[in-house]
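Dear colleague,

Please find below the sequence and the structure that I am handing over to you. My notes on what was found follow directly after them.

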Amino acid sequence: GYSIGLQHVQLAKSKATAKSPGEGEVTRLWGAFKHDGWELSISLENISLNHRQDLQHFFVSSNIFLTKKTKVALTYGESHVADDKALNGAGGSFGVFYHILPKTQVYSLINVIDRDGINDRQVFSIGFIHNFDLKYSQ
């Protein structure tokens with residue numbers, strides 16, 4: 001199946017929001033497609049703040065389910081601002097997730113960000129995820 005969407009948010013300057021980006025607007029167009037063991041999602045976003053140039057984001061992600069217990073995840077994204085090299089760049093990740101118990105996964109993940117030499121990073125991580133239920137029963 002597939003799904004698509006368009007979101008638009010007006011941002012207001014607020015003292016109630018920590019690190020409020022200021023006044024402006026955000027528009028996001030997104031789409032997702034699922035079929036026989038794989039998923040693909042794409043998002044295009046424009047952030048327009050009154051005090052700076054627009055910021056554009058492009059993001060694509062995919063999940064490939066190799067077995068009932070094993071998933072491979074891939075992502076790629078880019079950000080662009082005409083006059084701010086610190087915000088321009090591209091990045092991607094590759095990960096393998098394996099269910100060892102019904103609510104527990106172990107994973108290995110590689111993440112790379114390239115900002116033309118400004119705050120570049122390469123990260124390798126391993127870990128686990130456990131989902132807890134907060135159901136109350138008497």
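Two strands are taken to pair if DSSP finds at least two bridges between them. The model is a predicted one, and the notes below should be read with that in mind.

**The sheet**

By that criterion, strand β1 (residues 2–11) and strand β2 (residues 24–35) run antiparallel and are joined by 10 bridges. Within this pairing, I4 has G31 in β2 as its bridge partner. Strand β2 is also joined to strand β3 (residues 38–49), again in an antiparallel arrangement, by 12 bridges. One of the residues involved is G24, whose bridge partner in β3 is L49.

The pairing continues from β3 to β4, which run antiparallel with 10 bridges between them. From β4 to β5 there are 10 bridges, in the antiparallel sense, and a hairpin of four residues connects these two strands. Here S62 has L74 in β5 as its bridge partner. Further along the chain, strand β7 (residues 104–114) pairs with β8 in the antiparallel sense over 10 bridges; V112 is matched there with Q122 in β8.

Taken as a whole, eight strands make up an open sheet with antiparallel pairing, in the order β1-β2-β3-β4-β5-β6-β7-β8. Its edge strands are β1 and β8 (121–130), each of which pairs on one side only. On average, neighbouring strands of this sheet are turned by 10 degrees against each other, direction ignored.

**The turn at D36**

Strands β2 and β3 form a hairpin with two residues between them. D36 is found in the loop between these two strands. Its phi is positive, at about 35 degrees, although D36 is not a glycine. For context, most residues other than glycine have a negative phi. Is D36 buried or exposed? With a relative accessible area of 70%, D36 is exposed, because the cut-off for that class is over 50%.

**S61 in strand β4**

S61 is found in strand β4 (residues 55–65). In the β3 to β4 pairing, S61 is the bridge partner of S41. Which residues does S61 contact, leaving aside its neighbours within four places in sequence? They are E39, L40, S41, L74 and T75. S41 therefore appears both as a contact of S61 and as its bridge partner, and the relative accessible area of S61, 19%, makes it buried because the limit is under 20%.

**Salt bridges**

How many salt bridges are there in the model? The count comes to two. In one of them, the side chains of R28 and E45 meet, with 2.8 Å from N to O. This pair links distant parts of the chain, as R28 belongs to strand β2 and E45 to strand β3, 17 residues apart. R28 counts as partly exposed, at 31% relative accessibility, whereas E45 counts as buried, at 15%.

K103 forms a salt bridge with D133, and the closest N and O atoms are 2.3 Å apart. K103 lies in the loop between β6 (89–101) and β7, and D133 lies in the segment after β8, so this pair ties together parts that are 30 residues apart in sequence. Both partners count as partly exposed: K103 has a relative accessibility of 35%, and D133 has one of 46%.

**The largest pocket**

The largest pocket has a volume of about 300 Å³. It is lined by 20 residues, of which G77, E78, S79, G91 and R115 are the closest to its centre. Which strands each supply at least two residues of this lining? They are β4, β5 (70–80), β6 and β7.

**Where to look when you open the model**

You may wish to begin with the open sheet and its order of strands, and then turn to D36 in the loop between β2 and β3. The salt bridge of R28 with E45 can be viewed next, followed by that of K103 with D133. The largest pocket can be located from the residues closest to its centre, including G77 and R115.

With kind regards

Notes. Residues are numbered from 1 along each chain as its sequence is written. This is a predicted model: local features need pLDDT of at least 70, side-chain atom pairs count only at pLDDT 80 or more; totals for chains, interfaces and linings use all residues. Side-chain values use heavy atoms; hydrogens and water are left out. Buried means under 20% relative accessible area, exposed over 50%, partly exposed in between (1.4 Å probe, protein chains only). Contact means heavy atoms within 4.5 Å. Axes are lines fitted to C-alpha atoms, for helices over the stretch in contact, and angles run from 0 to 180 degrees between N-to-C directions. A salt bridge is a side-chain nitrogen of Lys or Arg within 4 Å of a carboxyl oxygen of Asp or Glu. On a 1 Å grid over the protein atoms alone, a cavity is a set of points where a 1.4 Å probe fits but cannot get out, and a pocket is an open set with protein on both sides within 12 Å along at least five of seven lines; lining residues have an atom within 4 Å of a point. Grid points are joined across faces, edges and corners, and a volume is the space filled by probe spheres set on the points.
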